[in-house]
Structures are given as C-alpha cells and as structure tokens.
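Reader: I'm new to reading protein structures. Could you walk me through this one?

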Amino acid sequence: CMANREWDRRWQKKLFRFLRKLQMAKVTRLTISTPLLFKIIKKSFPDFYLKVGVYAQVNFRTFY
C-alpha cells in the first residue's frame with residue numbers, strides 16, 4: 001500500500017530521483033504494483049523493462 005502517495009507530485013519527484021539512481025546502477029527490470037506507476041514510469045523511463053503484479057488486475061490494452 002502506498003497510501004495514495006503515488007498521486008502526490010512531490011513524492012513522484014522523489015521516486016524519479018530513485019529511479020535515476022537505479023538507472024545509474026544499471027538496473028533494467030522493475031516490477032510495479034499499480035497501473036498509475038506503470039504509466040508514469042514507462043513514459044518517463046522507457047528503457048526500463050516493466051512488469052506489473054497480477055493482483056493489480058491490469059488491462060494492458062489501456063497502456064498501448
């Protein structure tokens with residue numbers, strides 16, 4: 001549970017800083033817990049290979 005922090009722009013900026021650190025560390029794959037984060041990360045960091053947890057009940061047609 002992210003307590004809806006994923007909707008907060010300040011929290012998203014912190015997330016982006018963390019994701020840039022992961023890129024610098026040569027991380028290439030991530031598992032994402034929510035559809036919103038999937039869309040945000042894929043748009044901003046297209047080189048990451050993303051998977052989303054099946055429990056999120058994602059319809060992937062909405063992403064493409």
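Author: Here are a few short questions and answers about this predicted model.

Reader: In what order do the elements of the protein chain run from the N terminus on?

Author: Start by listing the parts: the chain has two helices and two strands. Now read them off from the N terminus, and the order is α-β-α-β.

Reader: What share of the 64 residues in the protein chain is buried?

Author: To count as buried, a residue needs a relative accessible area under 20%. Apply that to the 64 residues of the chain, and the buried share is 36%.

Reader: Is Gln12 buried or exposed?

Author: Let's place it: Gln12 sits in helix 1. Leaving out residues up to four places away in sequence, Gln12 touches Glu6, Trp7 and Ile40. Its relative accessible area is 7%, and the cut-off for buried is under 20%, so Gln12 counts as buried.

Reader: And where does Arg5 lie relative to helix 1?

Author: Helix 1 covers 9-24. Residue 5 comes ahead of that range, so you'll find Arg5 in the segment before helix 1.

Reader: Which kind of charge gathers in the surface patch that includes Arg5?

Author: Arg5 can join a patch because its relative accessible area is 43% and the cut-off is over 30%. Its partners there are Arg9, Arg10, Lys13, Lys14, Arg17, Arg20 and Lys21. Lys and Arg count as positive, so the charge gathered in this patch is positive.

Reader: Finally, how much of the accessible surface belongs to carbon and sulfur atoms?

Author: The accessible surface of the chain comes to about 5,300 Å². Of that area, the part belonging to carbon and sulfur atoms is 56%.

Conventions: Residues are numbered from 1 along each chain as its sequence is written. This is a predicted model: local features need pLDDT of at least 70, side-chain atom pairs count only at pLDDT 80 or more; totals for chains, interfaces and linings use all residues. Side-chain values use heavy atoms; hydrogens and water are left out. Patches are made of residues with over 30% relative accessible area and no salt bridge: like charges are joined within 9 Å, nonpolar side chains (Val, Leu, Ile, Met, Phe, Trp, Tyr) within 5 Å. Accessible areas come from the Shrake-Rupley method with a 1.4 Å probe; for residues, only the protein chains shown count as cover. A salt bridge is a side-chain nitrogen of Lys or Arg within 4 Å of a carboxyl oxygen of Asp or Glu. The place of a charge is taken as NZ of Lys, CZ of Arg, CG of Asp or CD of Glu. Helices (H or I, at least four residues) and strands (E, at least two) are DSSP runs, numbered from the N terminus. Buried means under 20% relative accessible area, exposed over 50%, partly exposed in between (1.4 Å probe, protein chains only). Contact means heavy atoms within 4.5 Å.
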